[in-house]
Amino acid sequence: GQGNLKTMVSHYQLGVWVEPDSIESLVEGLQLWSSGLPTPRWEAYEADNSWQKNAKIVADRMNLLN
């Protein structure tokens, strides 16, 4: 559904997003997919969403590193 997964797929060009439970959206997504997609930005995704980065964000918010 909506939310973080859709944001990640769109922002990092990881694939085609289709609305859940929608045949029309699925058909449109398959047509888009078959016409060619941009190159996924996996390196940027991994850099922005690594365990290390996420742990630092949590620790910073909990003031464990300050």
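Biologist: D21 lies in the loop between helix 1 and helix 2. Why does D21 count as exposed?

Modeller: The relative accessible area of D21 is 86%, and exposed means over 50%, buried under 20% and partly exposed in between, with a 1.4 Å probe and protein chains only. D21 is therefore placed in the exposed class. As to the basis, this is a predicted model, in which local features need pLDDT of at least 70 and side-chain atom pairs count only at pLDDT 80 or more, while totals for chains, interfaces and linings use all residues. Residues are numbered from 1 along each chain as its sequence is written, and side-chain values use heavy atoms, with hydrogens and water left out.

Biologist: What is notable about the phi angle of D21?

Modeller: Phi of D21 is near 60°, a positive value in a residue other than glycine. Q13, which lies in the loop between helix 1 and helix 2, also has a positive phi, near 55°, and is likewise not glycine. At 31% relative accessibility, Q13 counts as partly exposed.

Biologist: How many helices and strands does the protein chain have, and how are they defined?

Modeller: The protein chain has four helices and zero strands, in the order α-α-α-α from the N terminus. These are DSSP runs numbered from the N terminus: H or I of at least four residues for a helix, E of at least two for a strand.

Biologist: Why is the protein chain described as more spread out than a compact globule?

Modeller: Its radius of gyration, taken over C-alpha atoms, is set against a globule rule of 2.2 Å times the number of residues to the power 0.38. For 66 residues the rule gives 11 Å, and the value here is 16 Å, well over that, so the description follows. The C-alpha atoms fill a box of roughly 50 × 25 × 10 Å along the principal axes. Of the 66 residues, 12% count as buried.

Biologist: What makes K6 and E19 a salt bridge?

Modeller: The term requires a side-chain nitrogen of Lys or Arg within 4 Å of a carboxyl oxygen of Asp or Glu. The closest N and O atoms of K6 and E19 are 3.4 Å apart, so the pair meets the definition. It links distant parts of the chain, with K6 in helix 1 (residues 4–11) and E19 in the loop between helix 1 and helix 2 (23–34), 13 residues apart. K6, at 26%, and E19, at 30% relative accessibility, both count as partly exposed.

Biologist: How many salt bridges does a search of the whole structure find?

Modeller: The search finds three. Among them, D48 and K53 meet at 4.0 Å, N to O. D48 has a relative accessible area of 31% and is partly exposed, as is K53 at 37%.

Biologist: How do you know that D60 and K56 form a salt bridge, and how are they placed in helix 4?

Modeller: Their closest N and O atoms are 2.7 Å apart, so the cut-off already stated is satisfied. D60 and K56 are four residues apart in helix 4 (residues 51–61), and are therefore separated by about one helical turn. D60 is partly exposed at 29%, and K56 is partly exposed at 45%.

Biologist: Why can such side chains pair at all?

Modeller: Side chains of opposite charge can do so when their charged atoms come close.
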